[in-house]
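This report describes how selected helices and the nonpolar core are packed in a two-chain structure. The sequence and the coordinates are shown first.

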Amino acid sequence: MSGWRRFFFLAVPVLWVAVAHIGPLIAMARISLMAVYPGPPGMASAFSLAAYAAFWQQAGFRLSLLRSIGLAGAATFTALILAYPIAYYIALRVSPVRRARRLALLAAPFWTSEVLRMFALVLLLANRGVLNAALRWLGLSTMPVQLLYGTGAVLAGMVYTVFLSMLLPLYAALDSLPRDVAEAAALDGAGPWKRLWHITMPLTSRGIASGVVLTFLASLGVFAAPALLGGAGIPVFAITIADLFGAASGRWPLGAAFGFILLVVGSTLAGLLAVAVGRVVRESSPG
Amino acid sequence: MTRHRVLAAVYWMVLAAFALPLALIALTSFAMGDLVGFPLGALSLHWYRVALSDPDYRHAFALSVALALGSATLAVVAGCWIGLAAASLRCRWAELTLMAGALLPLVTPGIIHAVALRIAIQMIGLDPGATAILLGHAIHATPYAAIMVRARRATLPAEQVEAARVFGAGSFAIMFYVIVPWLRPALLGAGGLAALTSFDDFIRSFFLGGYDPTLPVLIFGRLRSGLSPEINAVSTLVLAIMGVACVIAAQAGKFRTSRVDLGI
């Protein structure tokens, strides 16, 4: 390729990534440092750290971030516990012909919008929902049991939103596992749990780590689940941020600062989590 | 073989846990009453009539379909270009940097991405509305196309490009007669995935939308203002459309389930 053609060929994608992918995050960081935004037209807003100070000073904001982190951690752990045996089963126990079909079947519910999935959970958990109807029918309760609008419902909703980002990396890792290693260990007399803990999991530690990172980050950003299943009592950080961008738009800098804080804290924690998971899993490997 | 059975049981139980709630939507859509709840009571198609005659749903559906097609096209072009540029870079670090930047919208938590996009369109003076959503969805889906094209490009035998060059093809001819045809499965897969994520997307549409809601945003709004039974009918229709689309895609043989195709 000639010089200018090569330049054009490379410049367009680099620009797209810089402007469309990185640009909005930089814009968010910039707004977070302004006193007012959107301000009066033609006026540059003054530099201000007030938004970050507000986060530091008000316990409610910090609590909401902590709640998000706790829920995201719990959702990630739940997804890992559910997804690992399933990925293991599909990758190593299902015949190659059926493997793709089993995976697609499990992934199918996640091809629907997260709003529909949350709606489905409402129908399941509501006071007039299926679970309560079943409880009444079985004679276990006379009054409706409050299942919706609590931490448990939000957690279930989060797992239902992000499960695929755990399943797919785990499946990819388990699918590329060298099968003869486990067979050799079995011949040496290692039991199933020993093989899982000392061989299979260490060999798939990178898949576990990437599943944990992707799922944790996705869980931090979930909005529909707490909005539809959470009720007013448990505002997670995503709800706090969204409210700041609501009709009274004077609080955009605060919302932008919270978005930036969530991004920095979330990716730092995700990184630490990946390292920790990798270490725990690898230390269990015998050699 | 009992361990095998236990694992199989876990698989089917989790599948049921994920699939049955969606079946509930379909089941309740045939109930007659004004209140969504169990037991269902008499069955009818009443709420389907209500839903189909509601212009809000028709408009939202049309908007969602148009946005899915438009944003998928844009995402495939952008992602394909990124993937090919990354593949052409000699320096490994430059390639990794470009691909990392390309993946950013995929790993940014949803709420942060939506808010950042909302601020960005405000900064460039674009009002919330269909154009803003189109751009947001295209940006969100670009990583899928970039990964899939990059992976597919790596499987193109170098001899094919060499042969074309020996026979006198220029770089444009090589691009459009050798490389792009080779990428076809990746482009189709990425396009389908991009259209699906756009059609399903809630958080970006919610923040970037103006007065005309997309279908998920409309359903979200109706859900928040109380359960009205026609939501079930609309949701069931959407599920049915999705199901048919999945079957068609599977029949066409494009339903390959490598990790790339499923969007990781």
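In this predicted model, Val115(B), leaving aside its neighbours within four places in sequence, is in contact with Met28(A), Ile241(A), Phe245(A), Gly255(A), Ala256(A), Gly259(A) and Phe207(B). Val115(B) is also, together with Ala87(A) and Ala145(B), among the residues with the most contacts inside the largest nonpolar core, which has 161 residues. The largest share of this core, 18 residues, is supplied by helix H7 (residues 151–175) of chain A.

Ile241(A), one of the contacts of Val115(B), is itself a buried residue of H12(A), as are Phe237(A), Ala238(A), Thr240(A), Ala242(A) and Leu244(A). Because six of the eight residues of helix H12 (residues 237–244) of chain A are buried, this helix is largely enclosed by the rest of the structure. The elements against which the buried residues of H12(A) pack are listed below.

| Helix | Chain | Residues |
|---|---|---|
| H3 | A | 59–93 |
| H11 | A | 224–229 |
| H13 | A | 252–283 |
| H5 | B | 110–123 |

Elsewhere, helix H10 (residues 215–224) of chain B packs with helix H11 (residues 230–251) of chain B at an angle of about 155 degrees, their axes lying 11 Å apart. Since angles over 145 degrees count as roughly antiparallel, H10(B) and H11(B) are therefore described as roughly antiparallel to each other, and H10(B) passes H11(B) in a left-handed crossing. To this contact H10(B) contributes Leu215(B), Ile219(B), Arg222(B) and Leu223(B), while H11(B) contributes Ile231(B), Val234(B), Ser235(B) and Val238(B); these residues divide into six nonpolar, one polar and one charged.

Technical notes:
Residues are numbered from 1 along each chain as its sequence is written. Chains are lettered from A and ligands numbered from 1 in the order in which they are written. This is a predicted model: local features need pLDDT of at least 70, side-chain atom pairs count only at pLDDT 80 or more; totals for chains, interfaces and linings use all residues. A residue is buried if 20 or more other C-beta atoms lie within 10 Å of its own, exposed if 12 or fewer, and partly exposed in between; C-beta atoms are placed from the backbone. Helices (H or I, at least four residues) and strands (E, at least two) are DSSP runs, numbered from the N terminus. Two residues are in contact if their C-beta atoms, placed from the backbone, lie within 7 Å. A nonpolar core is a set of buried Ala, Val, Leu, Ile, Met, Phe, Trp, Tyr and Cys residues joined through C-beta atoms within 7 Å. Axes are lines fitted to C-alpha atoms, for helices over the stretch in contact, and angles run from 0 to 180 degrees between N-to-C directions. Angles under 35 degrees count as roughly parallel, over 145 as roughly antiparallel, 65 to 115 as roughly perpendicular and the rest as oblique. A crossing is left-handed if the near helix is turned anticlockwise from the far one by less than a right angle, and right-handed if clockwise. Ala, Val, Leu, Ile, Met, Phe, Trp, Tyr, Cys and Pro count as nonpolar, Asp, Glu, Lys and Arg as charged, and the others, Gly among them, as polar.
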